[in-house]
Amino acid sequence: MLTVRNLNKSFNGRQILNNVDLTVNDGEVLCIVGPSGAGKTTLLRCITGLEEADSGEFKFNDQEFNPQTDGERIFGVVFQDFNLFPNLSVNENITLAPRLVKKMSVEKADQQASSLESELGLDKVKDQYPWQLSGGQKQRVAIARALAMKPQILCYDEPTSALDPNLRDEVAKLILKLKQGGTTQLIITHDMDFAQKVADQLLQVQEIGSSQK
């Protein structure tokens, strides 16, 4: 379980996040929703350690942690623009971090990637490059790459922003499938309809500097 209490963040004297509280239970999906500019992505970046919060208390399974130093072992992040390596194939994108960061053998990394590709419907494109993929396929590769690092919590920044309605439904089905497998997920989105399809709970960010559940 992830708990965040009294998270604050400002930029150049402007308060972006003001005493934000949230809880994500194991195996649940929390969607943080609200309009563009409301601080949703800043909130995600502070929780995962990509941005340093001004203040706040962070606990995972009742143990305090520092997102700046411990974020990588807890969170996997699927970025809005996917951030795939254009010069690497699908399979290479998925296996790179486990081999370099976790020192996983090539054989084991390939076995894990093969399992993820099968689960996420990427078998037929595993040797293709990002420029050859559809937006939905890129999304799934980004998810597979994050899952390959075996995060405790999988986070998404606007996972449907570049997708048409049919692909949004595909992403919703995938998130629910991962939930059935026990994956805890935290999602940033402006799409309330999408959030209501997948979320166990919603955190609504109403305006810069304020939020409510």
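Which elements cover the buried residues of α5? Here are some notes to help you find your way around this predicted model.

1. **What surrounds α5.** The cover over the buried residues of α5 includes two strands, β6 (75-78) and β7 (153-157). It also includes the helices α3 (90-100), α4 (106-119) and α6 (165-180). If you are new to this structure, α5 is a good place to start looking.

2. **The helix itself.** You will find α5 at residues 135-147, a run of 13 residues. From first C-alpha to last it reaches 18 Å, close to the 18 Å expected at 1.5 Å a residue.

3. **How enclosed α5 is.** Of the 13 residues in α5, 11 are buried, so the helix is largely enclosed by the rest of the structure. The buried stretch includes A142, I143, A144, R145, A146 and L147. Further back in the helix, G136, Q137, Q139, R140 and V141 are buried too.

4. **Salt bridges, and a buried pair.** Searching the whole structure turns up 7 salt bridges. One of them joins E158 and K40, whose closest N and O atoms are 3.8 Å apart. This pair links distant parts of the chain: E158 sits in the loop between β7 and α6, while K40 belongs to helix α1 (residues 40-48), and 118 residues separate them. Are these two buried or exposed? E158 has 9% relative accessibility, so it counts as buried because the cut-off is under 20%. K40, at 5%, counts as buried as well.

5. **A bridge between α7 and α6.** K197 and D169 also meet through their side chains in a salt bridge, at 2.6 Å from N to O. K197 lies in helix α7 (residues 192-198) and D169 in helix α6, so the pair ties together parts that are 28 residues apart in sequence. K197 is partly exposed at 48% relative accessibility, and D169 is partly exposed at 30%.

6. **A second bridge from α6.** K179 forms a salt bridge with D200, with 2.8 Å between the closest N and O atoms. Here K179 is in helix α6 and D200 is in the loop between α7 and β9 (201-207), 21 residues away along the chain. Both ends are partly exposed: K179 has a relative accessible area of 27%, and D200 has 37% relative accessibility.

7. **A small network.** Finally, have a look at K9, R45 and E51, which are linked in a network of salt bridges. As general background, side chains of opposite charge can pair when their charged atoms come close.

Terms used:
Residues numbered from 1 in each chain as written. Predicted model: local features only at pLDDT ≥ 70, side-chain atom pairs only at ≥ 80, totals over all residues. Heavy atoms only, no water. Helix = DSSP H or I, 4+ residues; strand = E, 2+ residues; numbered from the N terminus. Expected span 1.5 Å × (residues − 1). Buried < 20%, exposed > 50% of the residue type's maximum accessible area, 1.4 Å probe, protein only. Contact = heavy atoms within 4.5 Å. Salt bridge = Lys/Arg side-chain N within 4 Å of Asp/Glu carboxyl O.
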